Structures are given as C-alpha cells and as structure tokens.
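Visitor: Good morning. Could we go through this protein together?
Guide: Certainly; please look at the display, and we shall begin with a term that will be needed.
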Amino acid sequence: MTQHTDLPSDLLPPAVRQFLGAHIVRDADTASSFLTEDAVIVDQDETFRGREETDAFLRDAGSEFEYTTEQIGAHRVDDTHWVVTVRLEGTFPGGVAELDYRFALRDDLIAELVIANHPA
C-alpha cells in the first residue's frame, strides 16, 4: 500500500535523516557511512555505483556553488522507499531548484538514491 503523506524529518528512517543532515553540511564521509557498499546514486541522469564512485559524488557534487538547502516535503512510499523534497537556493544556474531525493533502503542503509527535479 502506498502512503503519500508529508512527514517531518524526525519521522524519516534514521539512515535517510542522518544522510541528509550530513549531505546538507557537505560532510561526505558521514553521509557515505549511511550507504550500502554497493549503493547506486543517480543524479542528473548520471549514475555512480559502489563505494568509490558514490564517495566521489558526495565529495564533489555542487562544490563549485554556494547554496542553502531546505527540506520542504517528505513521504513514505512503502517500507523501503522514501522521498524527500528539498529546495536549493544559490549561485548555480537558475538560482533555485526543487529536487526529489528518492531513497531505497536495504538492511537499514541506503541502497539507492535517485535525485531528480521535483514535478511542478
């Protein structure tokens, strides 16, 4: 059964909540600790697989820009899938973006993260 409800961040699974907290402050090492060894991250149609590639992505993504991140929505899809919507504002082209972080969990860790534009 699919549930689409807005959730406060404290009701997200610990791995999702703690990953986002670390990712927002650009602490790649801590963020990476919430990923499975074989995790997959997809961002802007580019795919990063495994520890080495996902670590590099977390360390380098967006590093050329200054921006703030605010969680503006979240919902549970099912027991292992969660979506968190964030709003970025900064010095990147366009200046504002709303993105969905779509998490798939396995064994209480993040096995897959797909970052995509939030539908208007």
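Guide: Buried means under 20% relative accessible area, exposed means over 50%, and partly exposed is what lies in between. Please also keep in mind that this is a predicted model.

Visitor: Then let us try those words on Ser-9. Is Ser-9 buried or exposed, or somewhere in between?
Guide: Ser-9 has a relative accessibility of 35%, so Ser-9 counts as partly exposed.

Visitor: And where does Ser-9 lie?
Guide: Ser-9 is found in the segment before α1.

Visitor: What does Ser-9 touch?
Guide: Leaving aside residues up to four places away in sequence, Ser-9 touches Arg-17 and Gln-71.

Visitor: How far apart are Ser-9 and Ala-22?
Guide: In sequence they are 13 residues apart, and in space their C-alpha atoms are 14 Å apart.

Visitor: Another serine, then. Where is Ser-32, please?
Guide: Ser-32 belongs to helix α2, which covers residues 28-32.

Visitor: Buried or exposed?
Guide: Ser-32 counts as buried, because its relative accessibility is 5%, and buried means under 20%.

Visitor: Which residues does Ser-32 touch?
Guide: With residues up to four places away in sequence not counted, Ser-32 touches Arg-51, Asp-55 and Leu-58. Arg-51 and Asp-55 also appear in a network of salt bridges, where they are linked with Glu-37.

Visitor: Why do such pairs form at all?
Guide: Side chains of opposite charge can pair when their charged atoms come close.

Visitor: How many salt bridges are there here?
Guide: The count comes to 8 salt bridges.

Visitor: Which residue does Arg-106 pair with?
Guide: Arg-106 forms a salt bridge with Asp-38, and their closest N and O atoms are 2.5 Å apart. Arg-106 lies in strand β5 and Asp-38 in strand β1 (residues 35-43), so the pair ties together parts that are 68 residues apart in sequence.

Visitor: How accessible are those two?
Guide: Arg-106 is partly exposed at 37% relative accessibility. Asp-38 is partly exposed as well, with a relative accessible area of 45%.

Visitor: What about Asp-100, which residue does it meet?
Guide: Asp-100 meets Arg-102 in a salt bridge between their side chains, at 3.9 Å from N to O. Asp-100 counts as buried at 5% relative accessibility, whereas Arg-102 is partly exposed at 34%.

Visitor: And Arg-59?
Guide: Arg-59 forms a salt bridge with Asp-60, with the closest N and O atoms 3.7 Å apart. Arg-59 counts as exposed at 52% relative accessibility, while Asp-60 counts as partly exposed at 42%.

Visitor: A change of topic: pockets. How does one find empty space?
Guide: Rolling a probe the size of a water molecule over the atoms shows where empty space is left.

Visitor: What volume does the largest pocket have?
Guide: The largest pocket has a volume of about 470 Å³.

Visitor: Which residues line the largest pocket?
Guide: The lining consists of 21 residues, and those nearest the centre are Asp-43, Gln-44, Gly-62, Leu-88 and Leu-99. By class, 13 of the lining residues are nonpolar, 5 are polar and 3 are charged.

Visitor: Which helices and strands supply the lining?
Guide: At least two residues come from each of α1 (14-24), β3 (67-78), β5 (96-106) and β6 (109-117). The largest share, 5 residues, comes from β5. Strand β5 is also where Arg-106 of the earlier salt bridge lies.

Conventions: Residues numbered from 1 in each chain as written. Predicted model: local features only at pLDDT ≥ 70, side-chain atom pairs only at ≥ 80, totals over all residues. Heavy atoms only, no water. 1 Å grid on protein atoms, 1.4 Å probe; cavity = no way out; pocket = protein on both sides within 12 Å on 5 of 7 lines; lining within 4 Å. Points joined across faces, edges and corners; volume = space filled by probe spheres on them. Helix = DSSP H or I, 4+ residues; strand = E, 2+ residues; numbered from the N terminus. Nonpolar A, V, L, I, M, F, W, Y, C, P; charged D, E, K, R; others polar. Salt bridge = Lys/Arg side-chain N within 4 Å of Asp/Glu carboxyl O. Buried < 20%, exposed > 50% of the residue type's maximum accessible area, 1.4 Å probe, protein only. Contact = heavy atoms within 4.5 Å.
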